[in-house]
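Please open the structure in your viewer and keep the selection panel at hand. The stops below tell you what to select and what you will find there.

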Amino acid sequence: MLASLKQRFRTWLFRPRIELGTITLTQRRIFIIPTKQGFTLCFVLVLMLLGDINYNLSLGYVLTFLLTMMAVMSMLHSFRNLAHLEIRAGRAEAVFSGETAQFMLHFNNRSKLSRYQLCLVQTGDSFWKNTNTPLLFDAPAQQDTEIVFPLAATQRGWLQPGRMTLYTEFPLGLFYCWSYLHFDTRCLVYPKPLSDAPLPFGNSPDGTGKRSVAGDEDFAGLRKYTAGDALPRIAWKAYARERGLQVKQFSTPLGEELLLDFSDTPDRSEEEKLARITRWVLDAEAQGLRYGLRMPDGELPSNNGIAHRDECLRRIALFNLPQQNDPLPNPSPTSGRGTRFSPLTRLRERGKGRGKS
Amino acid sequence: MNKPLTYGLLLSILMVIAPHAEHLPIWVSSLCAGLLLWRAWLAYTGKPLPKRWLLMLVTFAGTGGIAFEFHTLFGREAGVTLLMLLATLKLMELRKARDAMVLVYLACFIIITNFFYSQSIPTALYLLATLMVIVTTWVHLQAQSIALKPRLRIAAVLLLQALPLTLILFILFPRVQGPLWGLPQDAYASTGLDDRMSPGSLSRLSLSEAVAFRVTYNDKPPRRDQMYWRGPVLWYFDGRTWTPGITLPTISPKFTGLDHAIDYVVTLEPHNKHWLFALDVPEKLSVPATLTNDFQVLNKEPVHARLRYAARSNLVYRANLQESERQLQRALQLPKRFNPRAQQLAAEWRAGNKDDAAIVNTALTYFYQQGFVYTLEPPPLGANTVDDFLFTSKRGFCEHYASAFVFLMRAANIPARVVTGYLGGEFNDVGNYYIVRQSDAHAWAEVWLAGQGWVRVDPTGAIAPDRVQRGLSAALSDNAALPFMERNPPQWMRDLRFNLDTLANQWNQWVLGYDTERQFAFLTRLGMESITWQKMALNMASGLGLVIALFALFMLRHLYTRQPDRVQAAWLKLCRKLADAGLPRATHEGAQDYAARVAAARPELAEAIRDLAARYTALRYGTHNDEHAQREFLQRAAALKI
């Protein structure tokens, strides 16, 4: 009974919910309580006051009152340090499992006042600040500060930062002033690819399998590097000319197609199979092949290019996961990658094996 | 722990310890200074902090040294000394943020110990400076990335905001009359009269410029030779030192023939003794006190805090015409073994005279005629202090004359006693009050004459009448080792000194002397009626709440109001003007299109409106958006006549 009341109170007070777009830290969202240090100071002040009374030290009263009032005013300063910050979640590039997902957060400080010593920490559902090391940053006046919040990606599927706590103890460390941020942002985590797995040539729809080596040499131009590209494909010369990391692209003759079939993987466990097929997709793309993907729950026709590769990886990442249908709202326009996060529409259109529902 | 933070902490500790340097034992001062220097050097070179066992060793050695020095680790002096040592040692093990926090709190706490010794205005200003350093360091500790200037600004803002709130708290916080628990004997520092008088004790006191008390006379002040402020009365003489002797059960003194009443207010500095000072002879006092048989006014408690009292005295009186036999016997006590020549001299006087008053005059004439010198630096005396003084050195300060005179009187069988206290004072014409300093300490004699009672006799007046009439500086030759100010300073310096003393007096009365009584008086004057502490607490809370709310409004105002765009405002105003002239801007129309339409309709405005539209577009949507261009646009927009 009491527990449920407590829970209700917390729900009313903290209003845990996932939010879209920009969060403005209004008064209603900011909470403040004294820290341990604050209580220690309180104790010191009581001691000082007793001394003042006992020894009748008028200046002692002045000092004690000054310190007390500075402590009280520091509460207001703490609050001001968070008040009216505008925060929105930015893009989070997909990563492979085992890597670190980087969630972009934009802290827009419109005021003429610099905000110091903001701390961001992932708290999940716990109410108290936890032991995770917080991310520390300042938000200078009249600037939009971009913060990369790193989070270890350990499992394939959608990674959500969940509820984060933004807090500050500035300026005197006497008050813990915090606000909860729970954005709809999420990061797609691909399975960790096997380190080495030869492509399953011979599975191509036309039955030929081997692709000519010559096709690899038809240089078709450069494109921007994306995670997962094979190292030998990187145009190091372009890099040396300070044109950034770029990858050589080769045109592949039509007809050289490869079907990457989930059932062809020799591994036993599902996760291993996914790891292998991930490697296949990466290699096939790196080698400039046209490839298709066949999963037990659907099939993607042959194609190539980064968009195709990402779509394949996404299919693999979300395979057999309940998250496919998680009730996240439609991503807001600000949340980066846009439509590609939408559920597997292409599969549905083709009417073959819908995701688990 | 980064370097600037360490320096900040070092400076904080240095600033709180520095005022203590003079009254700490010299080895503790040097140890602390050495540790601070060492720590600064370690921070500068980035060398690692000393090992723990070494610190433990220094801590134990230091604690032992303090215990040896003070014979205790408790009490004020030893406690403060220990605190200094521990604070400096804490600096040596500055490893975590927690250590730094402890140091910051410790620094705040040590400030308070300084108030045991001084609570003057300079001390208060120094407190603010110290607090500023500490708070700046404190902010730095929380936000290490923040530069010195914003750090200082934040600290200053906090401090300035706290000041008015502190004032409210100071005025309205219910005062509790201390002490809450028993205080150690050494809780208060003081200089002042003692109840023992031996050769040299008063001349030492004469070198102190410290204020003993301040007096405001309600009407005309008395003559200088009537300004005898009675302190301890000394009855018992052991050949060298005068002490009060055994105290008898108090029998109220009896005064007759009272006249020439005078009212005055005394603000007495704390001297940790019971006695209060009043002019002879006091009739009533505004504080509860007892009047002893030898006319001393004694407070119930030792005077540990500045005490203000109003008093009335009668300058003309006859005191104790009927004195008890026992008192007269006390007033005749003599150590027979000492000073045979003085006893012999007195016996000769007694033999030649039957009248006590005549003998008194003989003694005074003796001092006057025998070439006695009034000096602050008398030569040391042997075992027979009175003989040596009377017949050999003939140089002495007031205590020598008082002592010798009373001895002679007693030897001549005239009841006599030594009275110590203060004589005169310095008039402060700025504050219109008299300052009585320790250097005004004086000793004189009282003899009991049949039919006259106790009569004041000041033998010093016989040798150096200027001491009585004009003060110490007039009575001594110029090269005497007097405090600088006791000699004759230039007029401007006197004025400055009086102004400062007036300020100090106000400070003492209103800030340091702000106790329960004064609080009630002040609040009543502010218009508060029937003061209870609940009412004060309520007022305090609402006052604080109001000021904090004002601060909050002021601080958060920036956050909630959007900075209006001046350029857009000017443009919209321009559009309104044109609309009034019959050319409203359509909602879909951009600045350039609108300008083109206006230009077509009003050719005389064409050039100006095109220019303004171009500027507006550049300012709103372009990259070139500096202050100068904005101002130009605003001026031109305002100047356009339609």
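Begin by selecting chain A, bearing in mind that this is a predicted model: of its 357 residues, 38% count as buried. If you switch to a cartoon view of chain A, you can look for its seven helices and 17 strands. When contacts in chain A with a separation of 6 or more are considered, 71% of them join residues that lie 24 or more positions apart.

Next, select strands E2, E11, E10, E6 and E7 of chain A, which in that order make up an open sheet of five strands with antiparallel pairing. At its edges you will find strand E2 (31-34) and strand E7 (135-139) of chain A, each of which pairs on one side only. On average, and with direction ignored, neighbouring strands of this sheet are turned by 30° against each other.

Stay with the sheet and pick out strand E6 (residues 115-122) and strand E10 (residues 164-168) of chain A, which pair in the antiparallel sense over four bridges. To see one bridge in detail, select Val121(A), whose partner in E10(A) is Thr165(A).

Now turn to the largest nonpolar core, which has 117 residues, and select those with the most contacts inside it, namely Leu66(A), Cys187(A), Val189(A), Ile13(B) and Ala107(B). Helix H3 (residues 58-82) of chain A gives the most to this core, with twelve residues. Apart from this core lies another, of 81 residues, which includes Met227(B), Val297(B), Tyr374(B) and Trp448(B).

Finally, select Val189(A) alone: leaving aside residues up to four places away in sequence, the residues that Val189(A) touches include Val95(A), Ala153(A), Leu159(A) and Ala317(A).

Definitions and conventions:
Residues numbered from 1 in each chain as written. Chains lettered and ligands numbered in written order. Predicted model: local features only at pLDDT ≥ 70, side-chain atom pairs only at ≥ 80, totals over all residues. Core = buried A, V, L, I, M, F, W, Y, C linked by C-beta atoms within 7 Å. Buried ≥ 20, exposed ≤ 12 C-beta atoms within 10 Å, placed from the backbone. Helix = DSSP H or I, 4+ residues; strand = E, 2+ residues; numbered from the N terminus. Contact = placed C-beta atoms within 7 Å. Pairing = 2+ DSSP bridges. Axes fitted to C-alpha atoms, helices over the stretch in contact; angles between N-to-C directions.
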